[in-house]
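Biologist: I would like to learn how to read a model of this kind feature by feature, with the general idea stated before the particular case. Could we take it slowly?

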Amino acid sequence: QAHAFFPLFPLMIRTLAVSLVQIMPLCLLPPTFEAVLVFSSLLINYFSFVIALICLVTLSLCHTRESTKERSDELFIIGRIATIFCLNPATIFFCVSYSESVFAMYTLGGYCLYSLGYSYLAVLAWMAASYTRSNGCLVSVWLIIQGIASGLQKDRPVLNRLIITLWHLTMAALVT
């Protein structure tokens, strides 16, 4: 169990636990430092789950606006997406001391930032996802595919396509 997580999740837990012990009155905290660590991990996971849900809804808004004409259809689809995200059988991993919610927050946050045009911040979020779980490196495959796809678009000049492709490959290298 000590080697199950990449370094970012345990670092976040320890930093929050030490901060809570220093800031809050000890009568409000659990009696042992190990219990404060568990409490900290639960706080981080619940907060990360809410942020991941907000990122998923924002990402869904960005993509459904392009494909739906009616506002009610858009809200119905996004409501279903959020419900499935919150009520699936794997949600138990979001509610315990496990790195799933932090990983979902950084990964979905990266996709959300990328779709809003903030590719630099998206790379930072995906790098944090890679430092949280090893499968965060798979985002680089999506970035490579995006780079190749934008390089194959014929409506842009060749130099512009080359620069966009190289930028996506650089982002992929940074994420891994």
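Biologist: Let me start with one residue: leaving aside its neighbours within four places in sequence, which residues is Ala 52 in contact with?

Modeller: A word of care before the answer: this is a predicted model, and everything said here is computed from it. With close sequence neighbours set aside, Ala 52 is in contact with Phe 85, Ala 104, Met 105 and Leu 108.

Biologist: Which residues make up the largest nonpolar core?

Modeller: The general idea is that in soluble globular proteins nonpolar side chains tend to be buried together. Here the largest nonpolar core has 10 residues, namely Phe 49, Ala 52, Cys 55, Leu 56, Phe 85, Phe 94, Ala 104, Met 105, Leu 108 and Cys 112. The elements that contribute two or more residues to this core are helix H2, residues 33-67, and helix H4, residues 100-115. Apart from this core lies another, of nine residues, including Val 139, Leu 143, Ala 172 and Val 175.

Biologist: And the frame that carries these cores: how many helices and strands are there in the chain?

Modeller: There are seven helices and zero strands, and read along the sequence the pattern is α-α-α-α-α-α-α. The C-alpha trace spans about 65 × 40 × 30 Å along its principal axes, and of the 176 residues 35% count as buried. Among contacts with a separation of 6 or more, 62% are accounted for by residues 24 or more positions apart.

Biologist: Let me turn to a single helix, then. What span should the 14 residues of H5 have, and what does the model show?

Modeller: At 1.5 Å a residue, H5 should span 20 Å, and its end C-alpha atoms are 20 Å apart, which agrees. For the faces of a helix, the general idea is that an α-helix has 3.6 residues a turn, so residues three or four places apart point the same way. In H5 the buried residues are Ser 119, Ala 122, Val 123, Ala 125, Trp 126, Ala 128, Ala 129, Ser 130 and Thr 132, and these buried residues pack against H1, H4, H6 and H7.

Biologist: How should I read the aromatic rings, and how many aromatic pairs does the count come to?

Modeller: One reads the distance between ring centres together with the angle between the ring planes. The count comes to 10 aromatic pairs. Phe 85 and Phe 94 form a tilted pair, 5.4 Å centre to centre with 45° between the planes; Phe 85 counts as buried at 13% relative accessibility, and Phe 94 counts as buried at 8%. The rings of Tyr 120 and Trp 167 also form a tilted pair, with centres 5.2 Å apart and planes at 55°. Because Tyr 120 lies in helix H5, residues 119-132, and Trp 167 in helix H7, residues 158-175, this pair ties together parts that are 47 residues apart in sequence. Tyr 120 counts as exposed at 63% relative accessibility, whereas Trp 167 is partly exposed, with a relative accessible area of 28%. There is also an aromatic cluster formed by Tyr 111, Tyr 114, Trp 126 and Trp 142.

Biologist: Which residue does Arg 133 form a salt bridge with?

Modeller: In general, side chains of opposite charge can pair when their charged atoms come close. The count comes to one salt bridge: Arg 133 pairs with Glu 100, the closest N and O atoms being 3.2 Å apart. Since Arg 133 lies in the loop between H5 and H6 and Glu 100 in helix H4, the pair ties together parts that are 33 residues apart in sequence.

Biologist: Is Arg 133 buried or exposed, and over the face of which ring does Arg 133 lie?

Modeller: Arg 133 is buried, because its relative accessible area is 18% and buried means under 20%. Arg 133 lies over the face of Phe 103, at 5.9 Å from the ring centre. Not counting residues up to four places away in sequence, Arg 133 touches Phe 6, Tyr 98, Ser 99, Glu 100 and Phe 103.

Biologist: For contrast, where is Arg 14 found, and what does Arg 14 touch?

Modeller: Arg 14 is found in helix H1, residues 8-23, and counts as partly exposed at 47% relative accessibility. With residues up to four places away left out, Arg 14 touches Phe 33 and Leu 37. Arg 14 and Ser 41 are 27 residues apart in sequence, and their C-alpha atoms are 8.6 Å apart in space.

Note on methods. Residues are numbered from 1 along each chain as its sequence is written. This is a predicted model: local features need pLDDT of at least 70, side-chain atom pairs count only at pLDDT 80 or more; totals for chains, interfaces and linings use all residues. Side-chain values use heavy atoms; hydrogens and water are left out. A nonpolar core is a set of buried Ala, Val, Leu, Ile, Met, Phe, Trp, Tyr and Cys residues joined through side-chain atoms within 4.5 Å. Buried means under 20% relative accessible area, exposed over 50%, partly exposed in between (1.4 Å probe, protein chains only). Helices (H or I, at least four residues) and strands (E, at least two) are DSSP runs, numbered from the N terminus. Contact means heavy atoms within 4.5 Å. Rings of Phe, Tyr and Trp (its six-membered ring) pair if their centres lie within 6.5 Å; planes under 30 degrees apart count as stacked, over 60 as edge-to-face and the rest as tilted. A charge sits over a ring if NZ of Lys or CZ of Arg is within 6 Å of the ring centre and within 35 degrees of the ring normal. A salt bridge is a side-chain nitrogen of Lys or Arg within 4 Å of a carboxyl oxygen of Asp or Glu. The expected span of a helix is 1.5 Å times one less than its number of residues.
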